[in-house]
Amino acid sequence: MITERLMNKNIGSAGSFPILGPTKNIPMPKSYRGVVDVKLTNATGTALNSLVARIQGRLSPEQEFVDVLLNNSNDEFQLNINIPGLTFEDIQLYPEMRVKVISNSFINADLTVFLGH
């Protein structure tokens with residue numbers, strides 16, 4: 001399995017949203033599946049504060065990014081002090097992938113997202 005880092009960035013609540021991570025090219029055959037591991041570190045705030053983000057993919061630079069389903073019904077994940085990390089298995093991968101942070105009510109947090117394929 002190859003592991004790619006989709007994002008490793010400090011996300012502050014004072015920034016403007018959405019925050020888009022860099023686009024990563026994923027070499028893959030058709031119908032490729034993967035694992036996404038997300039981790040929040042150095043977070044300040046309370047359990048009521050959260051960071052919400054999505055994994056996105058697209059087939060080519062000429063197309064728009066679409067949200068990737070992380071399970072049967074959710075296309076976004078939420079992290080907080082009580083839930084600082086999550087892993088999503090068997091997600092659809094695209095030739096180009098990125099992370100889109102939707103909102104953050106933390107004072108400060110580091111978000112790291114890994115993609116295994």
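**Exercise 1. Determine which residues V99 touches, and place V99 in the nonpolar core.**

Step 1. Not counting residues up to four places away in sequence, V99 touches L6, M7, I19, L20, G21, A53, R54, I55, L111 and V113, where contact means heavy atoms within 4.5 Å.

Step 2. The model is predicted, so local features need pLDDT of at least 70 and side-chain atom pairs count only at pLDDT 80 or more, while totals for chains, interfaces and linings use all residues. Residues are numbered from 1 along each chain as its sequence is written, and side-chain values use heavy atoms, with hydrogens and water left out.

Step 3. The largest nonpolar core has 27 residues, and V99 is listed with I55, M97, V101, L111 and V113 as having the most contacts inside it; such a core is a set of buried Ala, Val, Leu, Ile, Met, Phe, Trp, Tyr and Cys residues joined through side-chain atoms within 4.5 Å. Two or more residues are given to this core by each of β1, β4, β5, β7 (77-79), β8, β9 (96-104) and β10, and the largest share, four residues, comes from β10. Strands here are DSSP runs (E, at least two residues), numbered from the N terminus.

**Exercise 2. Describe how strand β10 is covered and which strands pair with it.**

Step 1. Seven of the nine residues of β10 (residues 108-116) are buried, which leaves this strand mostly covered; buried means under 20% relative accessible area, exposed over 50%, and partly exposed in between, with a 1.4 Å probe and protein chains only.

Step 2. Strands β1 and β10 run antiparallel and are joined by nine bridges, whereas eight bridges join β4 (residues 33-44) to β10, again antiparallel; two strands pair if DSSP finds at least two bridges between them.

Step 3. At the level of residues, D110 in β10 is the bridge partner of N10, and T41 also stands opposite D110.

**Exercise 3. Work out the surroundings of R58.**

Step 1. R58 is found in strand β5 (residues 51-58) and is buried, because its relative accessible area is 16%.

Step 2. The side chain of R58 makes a polar contact with the side chain of E96 at 2.6 Å, and the R58 side chain also reaches the backbone oxygen of Q63 at 3.4 Å. A polar contact is a pair of N or O atoms within 3.5 Å; within protein, one must be able to donate a hydrogen and the other to accept it, and residues adjacent in sequence count only if both atoms are side-chain atoms.

Step 3. Leaving aside neighbours within four places in sequence, R58 is in contact with Q63, E64, F65, Y94, P95 and E96.

**Exercise 4. Characterise the aromatic pair and the backbone features.**

Step 1. The structure holds one aromatic pair: F77 and F88 are tilted, at 6.1 Å centre to centre with 40° between the planes. Rings of Phe, Tyr and Trp (its six-membered ring) pair if their centres lie within 6.5 Å, and planes under 30 degrees apart count as stacked, over 60 as edge-to-face and the rest as tilted.

Step 2. F77 lies in β7 and F88 in β8, so the pair ties together parts that are 11 residues apart in sequence; both F77 and F88 are buried.

Step 3. The peptide bond from F17 to P18 is cis, with omega near 10°, and P18 has its place in the loop between β1 and β2 (19-20).

Step 4. N42, although not a glycine, has a positive phi of about 50°, and at 61% relative accessibility N42 counts as exposed.
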